[in-house]
Amino acid sequence: MSPDALPPALTVRRRRPTGSLSPRTWILVLSLLTAALTVTFLTIGLSGNLAYVLPLRANKVASMLLVAYAVGISTVLFQTVTGNRILTPSIMGFDALYILLQTFLAFAIGTQALLTMGAGTRFLMEVTLMVGFSWVLYRWLFIGGGKSLHLVLLVGIIFGTLFRGISSLLQRLIDPSEFVVLQDLFFASFNNVDSSLLGISTVAILAASAAGWRIRNQFDVLALGRETSLSLGINHKSTVTQVLVICSVLVAVSTALVGPITFFGLLVASMAYQLSAVFRHAYVLPIAVLLGAIALLGGQLVLERVFGFDTALSIVIEFVGGIVFIALLLKGSIK
């Protein structure tokens, strides 16, 4: 049977509470809210040299929308192939690898050389390394049967601990003044995104999205599990490999562009599943992306206009996302 024409009985659904909005309505509402926040962010308190201010704000908005798209899509798809809604690529040690790379470069060539290194060169190097590592790790963990969730978590914790341990050792060996400069790279920031990287990031994300669009009709089948997918004629190994590569590219581009945001994907994906009445990727994916855009745009707006840049947006997101992670653990989301 072709996966493009699955019978309704195979659609993963849940009963929508009386009076709740349909998925299409949620997408419309969230789209309008995202558009409103975008216009507000670009125009609020607008004064001075508009030729300078508007491009600067547009650069922030573009980076936030790219990150929201990349993280939202990659997290939902990653949870689909792993069959668990508590795992994200970041939790599996992805962010620790990014910190290790920054620390190693600072230790080897110094922070001044690191900061003056060409933005495009450093970006491509980071993306290449993270994509290569994650693809090898995820393919080994999730291709084939017999891999338990406990093994997945254990390997992720081990690699994350190893990377953080090496990073901590190298950070103790570098000059304290250089460590202060290096520390700023460990937190995601949308204020200093290099505009020249937005084009490269957009191309990479579009390429990954095009690959995902070709197999979009198989996502719902993969959510039913490996055995069911095989029985319905899906080439499980090939399809999961493609999804993992797509996730690797999206998360690597997002992390290299603004820095690590560990729990952001878990936060928007969990909320997307709660709002969606049917667990179909045609609804869950856009809702996750829109929720991510609203969280980043709204959060950055509040950060700049209310708190006056007194804290970093990523810290707030990590705090809220960490609470959601603990809540999911206590709820028994690990299957």
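User: Before we look at anything, what do "buried", "partly exposed" and "exposed" stand for?

Analyst: Buried means under 20% relative accessible area, exposed means over 50%, and partly exposed is whatever falls in between, using a 1.4 Å probe with protein chains only as cover. Take E126: its relative accessible area is 3%, so E126 is buried. Over the chain, 48% of the 335 residues are buried.

User: Good. Anything I should know about the model itself?

Analyst: It's a predicted model, where local features need pLDDT of at least 70 and side-chain atom pairs count only at pLDDT 80 or more, while totals for chains, interfaces and linings use all residues. Residues are numbered from 1 along each chain as its sequence is written, and side-chain values use heavy atoms, with hydrogens and water left out.

User: How many helices and strands does the chain have?

Analyst: Helices and strands here are DSSP runs, numbered from the N terminus: H or I over at least four residues for a helix, E over at least two for a strand. The chain has 14 helices and zero strands. Its pattern along the sequence is α-α-α-α-α-α-α-α-α-α-α-α-α-α.

User: Which side chains meet in a salt bridge?

Analyst: The criterion is a side-chain nitrogen of Lys or Arg within 4 Å of a carboxyl oxygen of Asp or Glu. Searching the whole structure turns up one salt bridge. R122 and E126 are the partners, at 3.8 Å from N to O. Both sit in helix 5 (residues 119-142), four residues apart, or about one turn of the helix.

User: Now helix packing. How do I read the angles?

Analyst: Fit a line to the C-alpha atoms, for helices over the stretch in contact, and take the angle between N-to-C directions, from 0 to 180 degrees. Under 35 degrees counts as roughly parallel, over 145 as roughly antiparallel, 65 to 115 as roughly perpendicular, and the rest as oblique. For helix 1 (residues 23-43) and helix 2 (residues 50-82), the axes come within 9 Å and cross at roughly 150 degrees, so the two are roughly antiparallel.

User: And what is the handedness of the crossing of helix 1 and helix 2?

Analyst: Left-handed means the near helix is turned anticlockwise from the far one by less than a right angle; clockwise makes it right-handed. Helix 1 and helix 2 cross in the right-handed sense.

User: What about helix 8 and helix 11?

Analyst: Helix 8 (residues 195-214) packs against helix 11 (residues 236-258) at about 165 degrees, with the axes 10 Å apart. That pair is therefore roughly antiparallel, and the crossing is left-handed.

User: At what angle do helix 2 and helix 8 pack?

Analyst: Their angle is about 25 degrees, and the axes are 11 Å apart. So helix 2 runs roughly parallel to helix 8. Their crossing is left-handed.

User: How far apart in sequence and in space are I86 and S270?

Analyst: For such a pair, set the sequence gap beside the C-alpha to C-alpha distance. I86 and S270 are 184 residues apart in sequence, with 8.4 Å between their C-alpha atoms. I86 belongs to the loop between helix 2 and helix 3 (90-109), and at 2% relative accessibility I86 is buried.

G110 and E178 make another pair, 68 residues apart in sequence and 7.4 Å apart, C-alpha to C-alpha. G110 is in the loop between helix 3 and helix 4 (111-116) and is buried at 11%.

User: Which residues form the nonpolar patch on the surface?

Analyst: Patch members need over 30% relative accessible area and no salt bridge; like charges are joined within 9 Å, nonpolar side chains (Val, Leu, Ile, Met, Phe, Trp, Tyr) within 5 Å. Areas come from the Shrake-Rupley method with a 1.4 Å probe, and for residues only the protein chains shown count as cover. Here V316, F319, V320 and I323 form the patch, with about 370 Å² of accessible area together. V316 lies in helix 14 (residues 313-331) and counts as partly exposed at 42%.
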